[in-house]
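Let's take a walk through this fold, starting with a sheet and ending with two helices. Keep the structure open while you read.

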Amino acid sequence: MRFRRCRTLFVEPVERPSFNLQELLAGGTGVQLQPVLQVRAAHLPSVQVIDAESCAWLLACSAEQWQPLPEAADARGRVLSLLQQGLLVSDDPAHAKACAAEQRLRDSHWWPLSALHYQQSCWDEVDSVQDMEQHQLVTARDLVRSYGSPPPEAPPRIHGAQALPCYEDDPMQSQLQARATCRNFDSARALPLPLLARVLQQVLMAQAGVETDPGVRFLKKNVPSAGSLHPLEAYLLVRNVEGMAPGLYHYHAVAHELGRLPAQPQDLESLCQRLLAGQHWFADAHVLLVLVCRFERNFWKYRNHAKAYRAVTLDAGHVSQALYASATALGLGAFVTAAINESEAGRALGLQPLAEGALAICGLGWRSGTKITAELDPDGHVWPRADPRAGNADAAGR
């Protein structure tokens with residue numbers, strides 16, 4: 001058996017608090033800080049904890065040259081322990097899974113720091129709403145109580161700045177003002193398929209294409225994309241659309257068609273909640289669109305590029321804003337969120353780790369006539385402004 005170190009990792013020294021009765025009895029706080037070394041690897045979904053000796057030994061290992069298993073018992077034991085954690089990889093079949101994952105990363109053309117960031121920022125089985133409620137960080141008042149006041153909403157004005165005209169008759173301005181993130185959907189009213197088709201045509205459909213060389217094709221869409229690569233794919237979780245069975249679908253931007261995935265979840269509603277990390281106010285949307293990046297297409301051009309991952313997140317922002325505009329013009333509500341369980345999405349959609357990955361989830365559907373959950377609509381364009389004399393009854397969104 002031979003082994004080598006994984007190529008991309010990050011060592012973080014942290015101090016974990018623990019209770020110490022003797023320290024408390026001696027007149028101290030009773031809190032003792034225990035130094036710990038956390039190691040995050042770009043091919044592993046979870047953090048690993050190792051001791052200082054193992055860390056020094058790990059960093060001294062080659063990430064390029066295979067080494068034989070040492071004969072000394074203590075060194076052999078350390079190697080086997082690090083292999084079990086996935087920080088070392090081996091050509092032994094017993095460790096094939098970690099080795100294959102690390103090799104995929106080597107072959108993927110990720111910039112190492114971006115790969116670390118993407119892998120370690122992916123959520124799995126996170127309930128963000130429950131976390132907010134447990135830490136009492138639900139409302140703006142909760143945030144101020146815990147964190148103090150936020151930085152100002154705008155920087156100071158520059159003396160002598162030139163005032164600009166405002167145009168009240170601008171139709172684009174009125175449409176943009178009508179956009180507000182929807183947290184209240186009408187689940188009793190199905191979404192017509194033609195409306196969904198129109199949104200997909202306006203936002204995601206390829207409007208034209210060009211083949212610059214054999215097998216090298218670029219698309220023109222109504223949203224910009226770095227290098228005109230358009231690596232984002234939309235997977236739809238259809239809940240309530242006329243003429244469509246609920247389930248998971250892939251939208252083909254060139255053919256303008258929805259293909260039902262062969263593997264379907266047993267409980268679609270539960271999957272909605274898990275994908276959205278517990279954000280139940282979004283789970284009633286008629287359609288969810290999981291924006292998935294085919295990183296391998298992006299990195300075909302931007303190989304090991306420091307800006308490549310930032311560019312695809314900008315692509316997701318372009319798509320989400322275009323979807324807002326399209327949905328609003330058609331009288332629908334829409335939302336976008338990055339607070340998602342990416343690992344859950346990867347399993348549900350059958351994505352290849354590090355070659356494909358979810359970036360955000362958008363949704364759309366009919367707005368409910370009743371506001372159950374609070375929405376940010378300060379100009380009262382969507383919901384009539386509340387009478388200030390009525391107090392702040394809606395601040396908690398209930």
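Before we get to pairing, one term: two strands count as paired if DSSP finds at least two bridges between them. Also keep in mind that this is a predicted model.

**The sheet**

With that in hand, look at β3 and strand β4 (residues 48–50): three bridges join them, and the two run antiparallel. They form a hairpin, with six residues sitting between β3 and β4. On to the other partner: strand β2 (residues 9–19) is joined to strand β3 (residues 31–41) by 11 bridges, again in antiparallel fashion.

Put together, that gives an open sheet of three strands in the order β2-β3-β4, with antiparallel pairing. Each of β2 and β4 pairs on one side only, making these two the edge strands. On average, neighbouring strands of this sheet are turned by 40 degrees against each other, if you ignore direction.

Something also packs on this sheet: helix α5 (residues 112–121), which touches β2 and β3. The direction of α5 makes about 115 degrees with that of β3.

If you'd like to find the register by eye, here are some residue pairs to click on.

| Residue | Partner |
|---|---|
| E12 | Q38 in β3 |
| Q38 | V49 in β4 |
| L37 | I50 in β4 |

Notice that Q38 turns up twice: Q38 stands opposite E12, and Q38 also stands opposite V49 in β4.

**Helix α9**

Which residues of helix α9 (residues 193–203) are buried? They are L195, L196, V199, L200 and V203. These five cover an arc of only 135 degrees around the axis, so they lie on the same side of α9. The spacing fits a general rule: an α-helix has 3.6 residues a turn, so residues three or four places apart point the same way.

And what covers those buried residues of α9? The cover includes the strands β9 (232–238), β10 (247–252), β11 (257–260), β12 (287–294) and β14 (356–365), along with helix α13 (308–329).

**Helix α13**

That last helix is worth a quick ruler check. α13 has 22 residues, and at 1.5 Å a residue they should span 32 Å. The C-alpha atoms at its two ends are 32 Å apart, which agrees. After α13 comes G331, and the phi of G331 is positive, near 80 degrees.

Terms used. Residues numbered from 1 in each chain as written. Predicted model: local features only at pLDDT ≥ 70, side-chain atom pairs only at ≥ 80, totals over all residues. Heavy atoms only, no water. Helix = DSSP H or I, 4+ residues; strand = E, 2+ residues; numbered from the N terminus. Axes fitted to C-alpha atoms, helices over the stretch in contact; angles between N-to-C directions. Contact = heavy atoms within 4.5 Å. Buried < 20%, exposed > 50% of the residue type's maximum accessible area, 1.4 Å probe, protein only. Arc of directions from axis to C-beta. Expected span 1.5 Å × (residues − 1).
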